[in-house]
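Student: I should like to learn how the words used for a structure are justified. May we go through one together?

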Amino acid sequence: MARHLITSAIPYINGIKHLGNLVGSQLPADLYARYLRGRGHEVLFLCATDEHGTPAELAAAKAGKPVADYCAEMHDVQAEIAAGFRLSFDYFGRSSSPQNHALTQAFAGRLADMGLIREVVEEQVYSNADGRFLPDRYIEGTCPNCGFESARGDQCDNCTKQLDPTDLIDARSTISGSTDLEVRETKHLYLRQSALKDDIAAWIGSKTDWPILTTSIAKKWLNDGDGLQDRGITRDLDWGIPVKKGTEDWPGMEGKVFYVWFDAPIEYIACAQEWVDAGKGADWERWWRTDKGADDVTYTQFMGKDNVPFHTLSFPATILGSQEPWKLVDYIKSFNYLNYDGGQFSTSRGRGVFMDQALEILPADYWRWWLLSHAPESSDAEFTWENFQTDVNKDLADVLGNFVSRITKFCRSKFSEAVPEGPDYGPAEAELIANLSAKLADYEGHMDTMEVRKSAADLRAMWVLGNEYLQSVAPWTTFKTDPAKAAMQVRMGLNLCRLYGVLSAPFIPDASADILAAMNASDVTWPDDITEAVSALQAGHAFTVPEITFRKITDDERADWAKRFAGIRD
RNA sequence: GGCGCGGUAGCUCAGUUGGUUAGAGCGAUCGACUCAUAAUCGAUAGGUCGGGAGUUCAAGUCUCCCCCACGCCA
C-alpha cells in the first residue's frame with residue numbers, strides 16, 4: 001500500500017465554474033483519488049477555494065456584501081456543487097483560512113531570511129474615487145498610438161501596442177469610470193526567482209516522465225528572454241493575507257497584502273492543516289514534511305494548462321527557496337481546454353454549461369463519464385450536444401445500463417431474483433475471464449499513468465465483453481434445452497454486474513453504487529483475480545432488478561439544451 | 001510579430017525509439033439474435049495521415065518551407 005497526496009488546482013471564489021474548468025482539474029483528480037483508494041492505497045485528496053484578490057473584492061461589491069461574507073457564501077456554494085459532482089475531497093478548504101494566513105506569512109519570513117526577498121518602490125495608478133490602486137487591466141483610456149478609445153492600461157487591443165497606464169489619454173477606472181487618477185509611489189516585495197532559476201531548471205529537467213504540455217510550458221518561462229523573472233508577491237489591497245515577516249510586522253509594508261498567486265498554492269499545505277483542525281485527520285505533517293514521514297508520499301497535482309507556470313515555477317520557487325523539508329510535487333497532470341460547440345466557454349456571455357446548470361439537467365454520472373472519456377489530454381477537446389447525446393446514450397444506457405437490465409430481468413423471468421443453481425464455468429467462461437483479465441490489466445495500467453481517455457475506453461471495453469458473452473452463449477436459447485447450463489450463464493452475467501459496479505466506481509460512483517446495491521453485493525474490493533471476482537455471487541444469493549440505471553437523452557432535450565446554453569446573455 | 005499545442009476515416013480521437021496491407025469508438029450499410037432501455041452481437045464500406053520539398057532500403061512518425069485552427073506572450 002502506497003501513500004498518495006493529490007491536489008486539484010483551487011478554483012477561484014468568484015462565480016461558478018464551467019465544465020471546462022471541471023474536466024481540467026477537479027474531475028480527473030477525483031477519478032485518480034477514487035481509483036487509488038479502490039486499489040487500497042492511502043490517499044489524501046485536497047482542494048480549496050482561492051479567495052483573495054481584486055476580482056473577489058469587485059464581485060463582493062457588486063453583490064453588495066462584505067467581501068468576507070461573499071467569500072464564505074460562495075465557498076459553501078462551490079462546496080455544494082462539488083459534492084453534487086461527487087468530488088471526493090478529504091477536505092475542501094479556503095485560502096483565506098487562519099492556517100493559510102500563518103503559513104503564508106511564515107514562508108515570506110523564511111524567504112526573507114534566506115535573502116530571497118527584495119523591496120521595490122514602484123509607481124502605480126491610484127484612483128481617488130475608488131480609494132484603491134488600480135491593476136493595469138482595470139484602467140482604460142484612449143490609445144496614444146491609434147486613438148482607440150478602449151485601450152487597456154497594459155495594452156491596446158486595437159493596435160496591440162504595449163502601453164503603460166500613464167500613456168493613456170483620458171485614463172479612467174473601469175471600476176467606477178472615474179478619471180480622478182494619480183500616480184503614486186508604493187513599495188512592494190519581490191521574490192527573487194531569478195536566483196532560484198538554476199535550481200528550478202535542474203528540478204524540471206529531472207522530470208522526464210511529465211506530460212509534454214507541462215514541461216514545455218515550464219521551460220518556455222525558464223528560458224524565454226532574460227529567463228525567470230523576479231515576481232512581485234504583494235499588493236495594495238484590503239482583502240488578503242497581511243504582509244508579515246513570520247509573526248513579526250514588516251516595516252514599511254503596513255496595510256498591504258500578499259499577492260493571491262503567492263498565497264494560493266501555499267493553501268495546498270494549509271488545507272491539510274485545516275483538515276486536521278476540523279477533526280477529519282490526525283497528522284498533516286506526515287503528508288507534507290519529508291522529515292516527518294512524507295518522504296514516501298507520491299504527490300500528484302492536477303490543473304489546466306493556464307495554471308502550469310505557477311505550479312512548475314512560482315510555487316516550487318517558494319518551496320525550494322525556503323530550504324525547508326517540504327514535499328515537492330512528483331507529477332503534474334495538466335490539461336488543455338474544453339471548447340464548447342466550436343468556441344470557448346464564456347462566463348461573461350453565458351456560453352456553455354456551468355456546473356450548477358449541468359446538475360440541474362442530468363445526474364453527475366452522465367457528465368463525469370462524458371467529460372472524462374473526452375478529457376482534453378493531448379489537445380483541446382470539443383463538446384457538442386450531438387456527441388454528448390450519442391456517446392452517453394450508447395455507452396451508459398445501451399452498453400452498460402442495458403447489460404444490467406437484460407441479465408437481471410432474464411434471471412427474474414426464467415428463475416427468480418436470486419443467483420440460480422448451475423454447473424461450474426466452462427470453456428466459454430474461461431475465454432471471457434481471460435479477455436476480462438487482459439482488459440483489466442490495460443485499465444489499471446492506464447489509470448496508474450493517469451491516461452484518462454484510454455482508461456475510459458478500457459472500462460467500456462470490459463462492459464462490451466459482457467454483451468459479447470451473453471450474445472454468444474445466448475442463455476435464452478440454452479434455457480430451452482439445458483436450463484442448468486443457462487443458469488450457469490446467468491450466474492456469470494450477474495457476477496459481471498457486480499464486477500462492473502466495482503470497476504466503474506471511479507468514473508460513475510452513483511450508478512456503481514446503485515448496481516452494487518441491486519446486486520446486494522457486500523464485497524466491493526478491487527479484484528486481484530477475475531476468476532475469483534466472477535464467483536463472488538454464489539447460487540442462492542438474492543438480488544433485485546434495479547431501476548433504469550441510465551435513461552436516454554432525447555432529441556428534444558438535446559435541442560432544448562443546445563438552445564438554452566448557446567449564450568444569449570451579454 | 002514571437003512562442004507553444006495541434007491539423008490522421010462523416011464525427012470524437014489512438015498511433016511507442018521511423019519498418020509488414022494506417023487503428024478504435026460513434027455514425028452509415030448489410031446480416032444475426034430476440035433476454036433487454038427499438039437494446040445487443042457480427043460483417044462491410046470509408047483515409048493520397050493539412051500542402052510541398054528533402055534525408056532514408058523504409059516516414060503519419062525525422063529535417064526544412066508554406067497553409068490552417070487554437071492558445072500564450074510582448
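**Terms and their grounds**

Tutor: Chain A has 19 helices and 18 strands. The model is a predicted one. Along its principal axes, the C-alpha trace of chain A spans about 95 × 55 × 40 Å. Of the 570 residues in chain A, 55% are buried.

Student: Why is Tyr-259 called buried?

Tutor: The relative accessible area of Tyr-259 is 18%. The term requires a value under 20%, and therefore Tyr-259 counts as buried. Tyr-259 sits in the loop between β14 (257-258) and α7.

Student: Which residues does Tyr-259 touch, leaving out those up to four places away in sequence?

Tutor: They are Arg-231, Gly-232, Ile-233, Thr-234 and Arg-235. Contact requires heavy atoms within 4.5 Å. Tyr-259 and Ser-178, for their part, are 25 Å apart in space from C-alpha to C-alpha, and 81 residues apart in sequence.

Student: What makes Lys-327 count as buried?

Tutor: Its relative accessibility is 8%, and the limit is under 20%; Lys-327 therefore meets the condition. Lys-327 belongs to the loop between α9 (308-322) and β16 (331-335). Beyond its neighbours within four places in sequence, Lys-327 is in contact with Trp-287, Trp-288, Thr-290, Ala-294, Val-297 and Tyr-299.

Student: What joins the side chains of Lys-327 and Asp-330?

Tutor: A polar contact of 3.1 Å joins them. The cut-off for the N or O atoms of such a pair is within 3.5 Å, and the value of 3.1 Å satisfies it.

Student: Why is helix α7 said to be largely enclosed by the rest of the structure?

Tutor: Of the 18 residues of α7, 17 are buried, so the helix is largely enclosed. Helix α7 covers residues 260-277 and bends by about 45° at Tyr-268. Just after α7, Gly-279 has a positive phi of about 80°.

Student: What makes a set of residues a nonpolar core?

Tutor: Its members are buried residues of the nonpolar kinds listed for a core, joined through side-chain atoms within 4.5 Å. The largest such core here has 153 residues, and those with the most contacts inside it include Trp-288, Trp-385 and Phe-388. Helix α12 supplies the largest share of this core, twelve residues. Another core, of ten residues, lies apart from it, with Ala-59, Ala-60, Val-67 and Met-74 among its members. Not counting residues up to four places away in sequence, Phe-388 touches Leu-362, Tyr-366, Trp-367, Trp-370, Phe-383 and Ile-553. In soluble globular proteins, nonpolar side chains tend to be buried together.

Student: How many residues are around RNA strand B, and which come nearest?

Tutor: There are 32, and Ser-378, Asn-402, Arg-406, Lys-409 and Phe-550 come nearest. A residue is counted if one of its heavy atoms lies within 4 Å of the strand. By class, this surface has seven nonpolar, 13 polar and twelve charged residues. Helix α12 gives the most to the surface, with eleven residues.

Student: Which part of RNA strand B do the atoms within 4 Å of the protein belong to?

Tutor: Sugar or phosphate accounts for 78% of those atoms, and bases for the rest. A polar side-chain atom of Trp-476 lies 3.3 Å from a sugar or linking oxygen of RNA strand B, and one of Arg-453 lies 3.4 Å from a sugar or linking oxygen. For Gly-401, a backbone N or O atom lies 3.5 Å from a base oxygen of the strand.

Definitions and conventions: Residues are numbered from 1 along each chain as its sequence is written. Chains are lettered from A and ligands numbered from 1 in the order in which they are written. This is a predicted model: local features need pLDDT of at least 70, side-chain atom pairs count only at pLDDT 80 or more; totals for chains, interfaces and linings use all residues. Side-chain values use heavy atoms; hydrogens and water are left out. A polar contact is a pair of N or O atoms within 3.5 Å; within protein, one must be able to donate a hydrogen and the other to accept it, and residues adjacent in sequence count only if both atoms are side-chain atoms. Helices (H or I, at least four residues) and strands (E, at least two) are DSSP runs, numbered from the N terminus. Ala, Val, Leu, Ile, Met, Phe, Trp, Tyr, Cys and Pro count as nonpolar, Asp, Glu, Lys and Arg as charged, and the others, Gly among them, as polar. Buried means under 20% relative accessible area, exposed over 50%, partly exposed in between (1.4 Å probe, protein chains only). The bend at a residue is the angle between axes fitted to the seven residues ending there and the seven starting there.
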